[in-house]
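Student: I would like to learn how to read a structure, one feature at a time. Where do we begin?

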Amino acid sequence: MTKYFKLPQHEALYNDPRLPEPKAIWNFMFFLAEIPRGSGNCKEIARRLQELGQQWGYESFIDTIGNVIIRKPASPGLENKSMVTLQAHMDIVAVGEDGLDHNFEKDPVICRIAESNFPKHSKNSLFATGTSLGADDGIGCAMMLHILEDKTLKHGPLECVFTYDEETTMEGAVKMVPGTLKGKYLINIDSEEDFRITIGCAGGFEQIMTFDVERENTEGFGSMFEIKGLQGGHSGVEIHEGRANAVKLLARLVHEASLAADMPEPVLMGFEGGTKRNVIPSVARCRVLIPDDKRAKFTEAVNKEFKQIKHEWKTIEPDLTLNFMIPEAAEKVSALTKASSRKFLDLLLALPHGVLRYSPDVAGLVETSINMAIVHVCGRCVGEKARIELFPRSSVNEFMPHIHQQLKAFARLAGAELTPMENAFPGWEPNPSSPLLATAKECYKKVYGKEAEIYAIHAGLECGVLQEKHPGLQSISVGPYLKNVHSPKEELMLDTVPGINKLIIAILEAIE
């Protein structure tokens, strides 16, 4: 077998008996990990994937958007079967532990095996070392490459599509030329629970709120705040768990401590938090200018309020920590005016974050949510606007413009500007009577010996977009069990991979 990875760390893992069969999947998983492929940086991985397809003798090309399409002929005697499209996305959410020296444009992801945090699902799990693992959706890509390479498998005509920049804009799917896909059936390998077959998902869009800030030269003690240690995570998959948003907590802490210290209009020297639109912020930092006569009272108020916050979040966020310091010397600085500081803090306090509504039809399913994803205001940068990036989702496409109007109302009240609905993508409407789903349910029962749960998710998948481009396309989504994706705690349950691999191959064999 040709080995496609190079690093000695991955060679050791490849020979680790804790890694389940088929080993070919891990050959490709480590190959993918060694190629930087954060969203917006997919040209090299696309080139390498195209080369693999060509090396195996298949039709293999990169379309005008940057998606890679590889078509494998049918097994002998199965040429009359309907073509099936397997699909996963190339890009990953590239995030690291706070303070980690890692260049996601150049450095590989280093995988490791450790005991699973979810032993009910798997004894051992695959993690990365200090960064996100990229199993979302590296494991889907690895399974597809394994199926492409293995010429002993029985299936009809097969098309594998590796899409571009799913995690940020879904550009690969959104801008795909209609008619690019040739398959009658689509199996998306981007779900994160092996006991479910997904048949629907939410849509979403980006909103950016900005406003001009005024600055002035002033003097005081530049107190420094840092809230960290939060779980963060995927803003679609984990939003219902009620995890804390570091931006929201820090805005509350500064606001409440300032009021308690008789500083109703605190002066900000800067505020930042969040990394990606679909990641719940786990770290936030700011600087607040404190007058000399308020230092002791403000420090006392900060400690008291954080103690209360820590108590409130002790169950969900046990690792929540605060770094707070007031320097010994005052400084003369250019900071935001009291009015601009107040407006920014008020927006952080008032703008929605989290679940807005649960589905009235599917118990426990989030219908609509907003992630307050990235905020930034510079206390010293002349001409730079304050910026708040939000990522709403909803499984009801018609409701998304209403969310936009709500956010426009906030902007009008605050005297801020709001972008149009950017990078919007539709939800995927479930089709429980799909013949593809019927086949998948039968295969699941044969592979697992039990019925699959049929489910719709709040996270965004590309199926709805691709179905719009290709009317009549039937879709399902499957995948092994993943937790804490989009974070350095990302975990792939190793024992759940072989079953999903068998399921996909069984569906390919059973499709007429």
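Tutor: The turns below take up strands, a buried residue, helix packing and empty space.

Tutor: This is a predicted model, in which local features need pLDDT of at least 70, side-chain atom pairs count only at pLDDT 80 or more, and totals for chains, interfaces and linings use all residues. Residues are numbered from 1 along each chain as its sequence is written, and side-chain values use heavy atoms, with hydrogens and water left out.

Student: How do I read a sheet, and what is the strand order in the open sheet of 4 strands?

Tutor: Strands of a sheet pair through backbone hydrogen bonds, either parallel or antiparallel. Helices (H or I, at least four residues) and strands (E, at least two) are DSSP runs, numbered from the N terminus, and two strands pair if DSSP finds at least two bridges between them. Here the order is β4-β5-β23-β22, with antiparallel pairing. β4 (111-115) and β22 (482-483) are the edge strands, each pairing on one side only. Between β4 and β5 (residues 124-128), which run antiparallel, there are 5 bridges; Ile113 has Leu126 of β5 as its bridge partner.

Student: Which strands pair with β7 in the parallel sense?

Tutor: Strand β3 (residues 84-89) pairs with β7 over 4 bridges in the parallel sense, and Thr85 stands opposite Leu186 of β7. Strand β21 (residues 474-477) also runs parallel to β7, joined by 4 bridges, with Ser477 as the partner of Asn188.

Student: Which way do the residues of β7 point?

Tutor: In β7 (residues 185-188), Tyr185 and Ile187 point one way, Leu186 and Asn188 the other, and all are buried. Buried means under 20% relative accessible area, exposed over 50%, and partly exposed in between (1.4 Å probe, protein chains only).

Student: Is Glu389 buried or exposed?

Tutor: Glu389 has a relative accessible area of 16%, so this residue is buried. Glu389 sits in strand β17 (residues 386-394). Contact means heavy atoms within 4.5 Å. Leaving aside neighbours within four places in sequence, Glu389 contacts Gln207, Ile208, Asn371, Met372, Ala373 and Ile374.

Student: How is helix packing described?

Tutor: Two packed helices are described by the angle between their axes and the distance between the axes. Axes are lines fitted to C-alpha atoms, for helices over the stretch in contact, and angles run from 0 to 180 degrees between N-to-C directions. The axes of α2 and α3 (residues 43-55) come within 11 Å and cross at roughly 150°. Phe28, Phe31 and Leu32 of α2 meet Ile45, Arg48, Leu49 and Leu52 of α3 in this contact. Helix α2 (residues 23-33) also lies across β4, β5 and β23 (491-493), at about 20° to β5.

Student: How is empty space found, and how much lies in the largest pocket?

Tutor: Rolling a probe the size of a water molecule over the atoms shows where empty space is left. On a 1 Å grid over the protein atoms alone, a pocket is an open set of points with protein on both sides within 12 Å along at least five of seven lines; lining residues have an atom within 4 Å of a point. Grid points are joined across faces, edges and corners, and a volume is the space filled by probe spheres set on the points. The largest pocket holds about 660 Å³. Of its 33 lining residues, Gly96, Glu97, Asp98, Ser282 and Val283 are the closest to its centre. β5, β11 (267-273) and β12 (284-290) each supply at least two residues of this lining.

How values were computed: On a 1 Å grid over the protein atoms alone, a cavity is a set of points where a 1.4 Å probe fits but cannot get out, and a pocket is an open set with protein on both sides within 12 Å along at least five of seven lines; lining residues have an atom within 4 Å of a point.
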